[in-house]
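Open your viewer and get ready to click along. Keep the sequence panel beside the 3D view so that you can select residues by number.

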Amino acid sequence: MNKSVVLIGTQWGDEGKGKIVDLLTLHASGVVRFQGGHNAGHTLVVEGKKTVLHLIPSGILHEEVTCMIGGGVVLSLPHLFAEINELEEAGVNVAGRVLVSEKCSLILPSHVELDLARERKLEEKKIGTTGRGIGPAYEDKVARRGLRVKDLLDETSFLAQLKINLDYHNFILEKYYGVSPVGLDESLDSTIGFKDKLLPMIDDISKELRERRSEGKATLFEGAQGSLLDIDQGTYPFVTSSNTNVGAISGGCGVGPKSLDYILGITKAYTTRVGEGPFPTEVDGLIAHHLSSRGKEFGSTTGRPRRCGWFDANALKEVAQLNSLTALCVTKLDVLDGLDQLFICTDYKESSNGEVKPIYEEMSGWKGSVAGVKSKSKLPPEAISYLKRIEELSGVEIDIISTGPDREDTIIENNPFY
Ligand code: IMP
C-alpha cells in the first residue's frame with residue numbers, strides 16, 4: 001500500500017485537483033497543503049452540492065480526516081476563519097480537524113494592498129495575480145522579516161516586528177505607489193485578533209507527518225496552483241510566488257523526498273490559464289467558447305474568465321520529468337464532447353519574431369457523450385485513442401479519468417493508495 005500520495009497540478013492550476021483530493025481522501029487519514037495560500041481555489045461537488053475551498057485542504061468534507069496546513073503556506077487568518085465558519089454553517093464538523101504549522105508565514109492587510117498597488121502600476125505588464133497578498137507575504141518571508149504563526153505566542157515581540165514591517169510597507173504604499181497606508185489596528189485585528197482561536201490548532205506538522213507515517217497512516221499531499229506557475233520552473237515572471245512542484249513538499253512541510261510513495265499529476269483534457277503570461281496552445285472563437293462554457297472556465301478564486309486552449313503534451317512531458325510523476329489523472333474529458341476534431345501540441349517551434357508556436361497533431365473527436373462514464377470500456381474508441389496518445393507523448397500512464405464534476409463521475413484504473 002502507498003502511504004504517501006502526492007497530487008500535483010501539471011498545468012497553470014485549475015486542473016480539477018479539488019475533486020480528486022476529495023475522492024482520494026476516502027483512503028487517507030490526513031491531507032496536507034504545503035505551499036501557496038488562499039490564492040488557490042478548489043471546487044468540490046458532492047451529491048450536487050458545490051463547495052469552494054481556498055485554504056483548507058479539500059479532505060475536510062470527510063469527517064474522520066485531519067487537514068494540515070504546512071509551514072510553506074502563507075496564511076491569512078481572517079480568511080482561514082471565514083472559511084471555517086462557512087464550512088460549519090454548511091454543517092461540516094471542523095473543530096479539532098485542522099492543524100496549522102507554527103512555521104506558516106502570516107499574510108497582513110498591507111501585503112494585500114501592496115499586491116494590488118503593484119499590479120495597478122504595472123498596467124499592461126501586470127502578472128494578473130489573485131490580489132490576495134501572496135507575493136508580498138512570500139517576499140517578507142524570504143527577506144527574513146516576515147511574521148510567522150509561532151511569533152503570535154510572544155505578543156510584545158510580535159507587536160515590535162509588526163510595527164517595523166508596517167512602517168516599511170506603508171512607506172512603499174505612500175511614497176512609491178501614492179496610495180493610503182494601512183493602520184496598525186487593522187493589522188492587529190487580522191493577526192493577534194485570531195490568536196485565541198488559532199492556539200489549539202498550532203502544531204509541528206513535520207513531526208506530526210513523521211509520526212503518522214510510522215503508525216502506517218495514509219497521507220495525501222495536496223498541491224495548489226500548477227507546475228507551470230512554479231516560481232523557478234514555471235513561465236517566469238508570470239508565475240506564483242512559491243514552488244508548486246513536488247520538491248516543495250520537503251521545504252513546505254518538512255518531509256523528506258523518500259517519504260513520498262506515489263506522485264499523481266493532474267491534467268485537464270485541454271488547457272486553461274487564468275492571469276497573464278505565455279500560453280502557446282491558446283485558442284479563440286468557437287473552440288474557446290466551447291471549452292469555456294462547457295468547462296465552466298471561470299476562476300474559482302477571482303471569478304475571472306479562464307483562457308482556454310488545446311492539450312499541450314510538450315509541456316506535460318517536461319512537467320512529468322520535473323515531478324517524477326508516477327501516473328496521470330486526466331480531468332474534464334466530457335468537456336471535449338461534441339468536438340469533431342481535437343488537437344494535441346507535440347512540440348513548439350519559434351517563429352521569426354521569437355514567438356513560440358505549437359506544432360499540433362490532429363485527432364478525431366467522438367460522437368455522443370462521455371459525461372458520467374464510470375468504466376474505461378464504456379468510452380468511445382476515439383476517446384481511448386486520445387488518452388493513449390497523451391500517455392505516449394508524456395511517457396506517463398493514466399490511472400484516473402474524470403468524466404464529470406461529481407465524485408461518482410470517475411474511472412479509476414489504479415488506486416494510488418493500493
Ligand atoms: P498570485 O499567486 O496571486 O501571486 O498570482 C500569480 C499568478 O498565479 C496569476 O497568474 C494567478 O492567476 C495565478 N494563480 C494563483 N493561484 C492560482 C490557482 O489556484 N489557479 C490558477 N491560477 C492561479
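The tour below goes from a broad sheet to a second sheet, then to two loops, and ends at the ligand.

Before you start, know that this is a predicted model, in which local features need pLDDT of at least 70, side-chain atom pairs count only at pLDDT 80 or more, and totals for chains, interfaces and linings use all residues. Residues are numbered from 1 along each chain as its sequence is written, and side-chain values use heavy atoms, with hydrogens and water left out.

**Stop 1: the ten-strand sheet**

Show the cartoon and look for an open sheet of 10 strands, in the order E9-E7-E5-E2-E10-E1-E11-E15-E18-E19, with mixed pairing. Helices (H or I, at least four residues) and strands (E, at least two) are DSSP runs numbered from the N terminus, and two strands pair if DSSP finds at least two bridges between them. Select 202-203 (E9) and 410-412 (E19): these strands are at the edges with a single partner strand each, so one side of each has no neighbour in the sheet.

Now select residues 30-33 (E2) and 66-69 (E5), which pair in the parallel sense over four bridges. Gly30 has Thr66 in E5 as its bridge partner. Add residues 205-214 to see helix H8 packing on the sheet, where it touches E1, E2, E5, E7, E9 and E10. Contact here means heavy atoms within 4.5 Å. The direction of H8 makes about 140 degrees with that of E5; axes are lines fitted to C-alpha atoms, for helices over the stretch in contact, and angles run from 0 to 180 degrees between N-to-C directions.

**Stop 2: the three-strand sheet**

Another open sheet has the order E14-E16-E17, again with mixed pairing. Its edge strands are E14 (311-312) and E17 (356-364), each pairing on one side only. Select 341-350 for E16, which pairs with E14 in the parallel sense over two bridges. Phe311 stands opposite Ile344 in E16.

Which helix lies across E14, E16 and E17? Select 381-394: this is H12, running at about 20 degrees to E16. Helix H11 (313-322) lies across E14 and E16, at about 70 degrees to E16.

**Stop 3: two loop details**

Zoom in on Tyr236 and Pro237, joined by a cis peptide bond with omega near 5 degrees. Pro237 sits in the loop between E10 and H9. Then pick Glu123, in the loop between H3 and H4; Glu123 has a positive phi of about 45 degrees although it is not a glycine.

**Stop 4: the ligand**

Finally, select the ligand and the 16 residues that surround it (each with a heavy atom within 4 Å). The closest are Asp14, Asn39, Thr130, Thr240 and Arg304.

Which distance separates a polar side-chain atom of Thr240 from an oxygen atom of the ligand? That distance is 2.6 Å. For Arg304, a side-chain N or O atom is 3.0 Å from a ligand oxygen atom.

Conventions
Polar contact = N/O pair within 3.5 Å; in protein donor to acceptor, adjacent residues only side chain to side chain.
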